[in-house]
Amino acid sequence: MTSKFRTKKVEVSYGDKKAIRDISLDIEKNIITALIGPSGCGKSTFLRCLNRMNDVIENCSIKGSIHLDEQDIYGPDIDPVELRARVGMVFQKANPFPKSIFDNIAYGPRIHGLASNDSELKDIVHNSLEKAGLMDEVKDRLNDQATGLSGGQQQRICIARAIAVSPEVILMDEPCSALDPIATAKIEELMNELCQSYTIIIVTHSMQQAARVSKKTAFFHLGDLIEYNDTDKIFTQPENQKTQDYITGRFG
Amino acid sequence: MIRKSIQSRRARETRLKIYGITSICFALIMLATLLISIGLNGYSALQQAYFKLDISVNTEKFVDDSGAPDNNKMNLFNWDGLVQSALREFFPEVKDRDEKKELFAIISANAGYDLKEIIKKKALGSGSHTLSVWLHLSDDADQYLKGRLSIDIPEEDRRINNKQIAWVNSLVERDIAKLKFNKTFFTSADSREPESAGILGSVIGSALTLFVTIMFALPLAVMAAIYLEYFAKPGKITDFIEVNVNNLAAVPSIVFGLLGLSVFLSTFGLPRSAPLVGGLVLGLMTLPTIIIASRASIRSIPPSIREAALGLGASKMQAALHHVLPLATPGILTGTIIGMAQALGETAPLLMIGMVAFIIDIPTTFTSSATAMPVQIYMWSDSAERAFYERSSLAILFLVAFLISMNLLAVVLRKKFEKKW
């Protein structure tokens with residue numbers, strides 16, 4: 001198995017407060033990795049380090065190293081804008097732009113100049129919607145406002161929007177936390193298909209979701225990485241007592 | 001116990017409601033009183049006393065040797081004499097020199113000039129023409145006909161004497177003089193004679209000034225707001241800038257006028273009384289208002305939209321320009337129009353840069369001499385003639401109408417740019 005991300009002793013602090021400490025883990029290519037743990041354990045913070053979204057937050061400082069394909073993403077020759085084109089992100093709350101469905105998907109390709117003409121752009125939009133499994137639902141209303149769709153559809157629009165830039169990695173920050181079980185099932189199905197061509201890292205509060213979709217799972221607690229292993233192992237024979245307690249629902 | 005407390009709570013609620021209604025009523029009554037009193041003073045300026053003259057002119061007098069119209073000859077012609085002799089035909093009994101002077105005082109001092117302009121505009125063919133034209137009566141005759149000059153006071157204290165009143169009355173009886181719609185008020189610039197004075201010059205002056213203001217202040221303010229919200233690193237310098245932007249909003253407007261005087265006029269040598277300079281000064285004055293409104297509006301856009309754009313690999317500037325700014329537009333526009341309305345009503349800074357001058361030409365460019373509506377009102381209200389009083393009232397109504405239409409525009413633009421989520 002090859003590693004997509006390799007992190008060493010990553011430490012993030014907001015001002016004086018340390019959010020995560022000493023996180024070293026390798027994330028494998030083309031599988032789904034789940035990050036679980038109780039609220040405030042630093043899993044979202046870690047996720048946001050991977051495409052440097054923490055840069056936007058004031059007084060946030062990062063130590064340690066993160067390599068994407070052997071390249072230090074905090075190195076001086078890395079432009080966060082370029083990095084984010086390679087490492088896409090889907091947020092907790094579906095956040096489509098208040099524009100048409102087409103413009104939502106087309107925005108990334110447009111700013112990166114991925115399409116040289118209108119028909120190419122159209123192809124990218126159609127392919128992305130197809131991959132996100134949305135095409136049949138929205139094909140007649142590509143010019144409608146994306147904000148008028150249902151919550152689950154909006155979240156899949158956001159996934160399609162991320163795919164349209166053809167990233168290598170897709171980060172998902174609790175993508176299903178605001179969705180009903182049916183919409184959640186659709187997104188999980190979609191993730192399973194997408195992980196053949198993309199590396200997916202998902203932060204989730206739902207242990208069942210982590211167990212259902214991921215191949216590897218990392219358990220975070222109070223800023224520390226407690227355990228990182230195959231999902232089957234974590235949920236059947238956890239090595240650490242805290243993991244055991246968390247997955248059996250004794251806390252969190 | 002509880003029932004008792006509920007009763008007293010209800011009573012308190014009712015009392016508060018009554019206070020609220022009373023204060024709203026009070027505000028409305030004050031506003032209505034103001035508008036009604038200005039309206040009652042100003043409505044009569046919509047009419048002006050005119051008199052009709054039948055005049056014959058021979059256009060052959062105004063052509064040069066080759067037969068082309070010659071403006072110079074036209075300007076040299078004794079138009080006043082023509083009007084005066086035509087007027088005297090109605091009153092053959094007036095012979096005495098002093099009496100003649102009194103007679104000519106009932107018509108506008110600009111009557112000859114006005115006649116020339118009318119003839120010029122008509123572009124008559126060559127030959128002799130007889131035409132009837134309506135010219136202004138003097139402002140005193142006008143005020144008398146509108147009943148605004150009291151004739152109860154002794155003759156020597158009056159601006160119009162008994163003889164003149166008799167002449168005006170006789171013109172009215174013969175259907176030669178009457179009150180007509182005051183077109184001049186809407187089509188000309190300022191004048192020493194109230195009957196020839198209009199607001200068009202100052203309206204255009206204000207429009208040119210505001211155009212410069214918005215072109216100068218809006219882009220600067222929006223860029224400043226975006227920078228302060230998204231790019232500025234928090235620290236002492238940013239705090240210092242923030243505090244000063246807020247301070248600038250509270251600086252008295254006359255200070256901006258002094259600044260304009262010393263910077264734009266003295267240092268840069270820009271022309272005096274020009275809408276360009278007025279616009280720049282008012283722009284500086286409205287800048288903090290628009291910056292504050294724009295920042296509030298930008299801050300109200302959910303950060304998730306910006307994160308979405310950044311997450312796709314948009315640069316900070318792209319996220320701001322493509323996504324945040326369009327959504328913040330309604331709020332920015334509202335702030336801008338409030339700032340513009342403030343600028344429209346501002347007099348003090350304009351006084352400092354010479355826009356208080358007496359200007360009889362309608363401004364055509366950003367550097368021609370101009371005045372603005374509030375300054376025009378200020379100047380008219382300062383004039384001695386009774387007729388300027390009603391004109392300044394009407395001009396105030398116009399200014400208010402201008403402001404209301406600007407606010408309506410703000411509402412319309414808001415509705416147009418507002419997006420449903």
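Strands β7 (residues 169-173) and β8 (residues 199-203) of chain A are a good place to start: they pair in the parallel sense over five bridges, where helices (H or I, at least four residues) and strands (E, at least two) are DSSP runs numbered from the N terminus, and two strands pair if DSSP finds at least two bridges between them. Please keep in mind that this is a predicted model, in which local features need pLDDT of at least 70 and side-chain atom pairs count only at pLDDT 80 or more, while totals for chains, interfaces and linings use all residues. Residues are numbered from 1 along each chain as its sequence is written, and chains are lettered from A and ligands numbered from 1 in the order in which they are written.

**The six-stranded sheet of chain A**

- Within the β7(A) and β8(A) pair, A:Met172 has A:Ile202 of β8(A) as its bridge partner.
- Both strands belong to an open sheet of six strands with mixed pairing, in the order β6-β7-β8-β3-β9-β10 (chain A).
- The edges are held by β6 and β10 (224-230) of chain A, each with a single partner strand, so one side of each has no neighbour in the sheet.
- From one strand to the next, the twist averages 15 degrees; such angles run from 0 to 180 degrees between N-to-C directions, with axes being lines fitted to C-alpha atoms, for helices over the stretch in contact.
- Helix α6 (residues 151-163) of chain A lies across β6 and β7 of chain A and runs at about 170 degrees to β6(A).

**The hairpin of chain A**

- Strand β1 (residues 3-14) and strand β2 (residues 17-28) of chain A are joined by eight bridges in the antiparallel sense.
- One of the bridge partnerships links A:Val12 with A:Ile20 in β2(A).
- Two residues sit between the strands of this hairpin, and A:Gly15 takes a positive phi near 65 degrees.
- A:Asp22 is not a glycine, yet has a positive phi of about 50 degrees; A:Asp22 lies in strand β2 of chain A.
- A:Asp22 is partly exposed, with 14 other C-beta atoms within 10 Å; a residue is buried at 20 or more such atoms within 10 Å of its own C-beta, exposed at 12 or fewer, and partly exposed in between, with C-beta atoms placed from the backbone.

**Nonpolar cores**

- The largest nonpolar core has 136 residues, and those with the most contacts inside it are A:Leu35, A:Ala160, A:Ile170, A:Leu171, A:Ile200 and A:Ile201.
- A nonpolar core here is a set of buried Ala, Val, Leu, Ile, Met, Phe, Trp, Tyr and Cys residues joined through C-beta atoms within 7 Å.
- Leaving out residues up to four places away in sequence, A:Ile170 touches A:Gly88, A:Val90, A:Ala162, A:Leu194, A:Tyr198 and A:Ile200; two residues are in contact if their C-beta atoms, placed from the backbone, lie within 7 Å.
- Another core of 23 residues lies apart from the largest one, and includes B:Tyr50, B:Ile107, B:Ala141 and B:Ala177.

**Chain B as a whole**

- Chain B has 17 helices and three strands.
- Its radius of gyration is 29 Å, whereas a compact globule of 421 residues would be near 22 Å; the radius is taken over C-alpha atoms, and the globule rule is 2.2 Å times the number of residues to the power 0.38.
- The C-alpha trace of chain B spans about 90 × 75 × 40 Å along its principal axes.
- Of the 421 residues of chain B, 35% count as buried.
- Among contacts in chain B with a separation of 6 or more, 77% come from residues 24 or more positions apart.

**The sheet of chain B**

- Three strands form an open sheet with antiparallel pairing, in the order β2-β1-β3 (chain B).
- β2 (128-136) and β3 (177-181) of chain B stand at the edges with a single partner strand each, so one side of each is left without a neighbour in the sheet.
- Neighbouring strands of this sheet are turned against each other by 45 degrees on average, direction ignored.
- Strand β1 (residues 47-58) of chain B runs antiparallel to β2(B) and is joined to it by nine bridges; B:Lys52 has B:Trp134 in β2(B) as its bridge partner.
- Helix α5 (residues 111-122) of chain B packs on the sheet, touching β1 and β2 of chain B, and its direction makes about 130 degrees with that of β2(B).
- B:Asp175, in the loop between α7 (162-173) and β3 of chain B, has a positive phi of about 65 degrees although it is not a glycine.
- B:Asp175 counts as exposed, with 8 C-beta neighbours inside 10 Å.

**Where the chains meet**

- 20 residues of chain A are in contact with 16 residues of chain B.
- On the side of chain A that touches chain B, α2 (80-86), β6 (87-90) and α3 (101-112) of chain A are the elements giving two or more residues, and α3(A) gives the most, with four residues.
- That side of chain A has 11 nonpolar, five polar and four charged residues, where Ala, Val, Leu, Ile, Met, Phe, Trp, Tyr, Cys and Pro count as nonpolar, Asp, Glu, Lys and Arg as charged, and the others, Gly among them, as polar.
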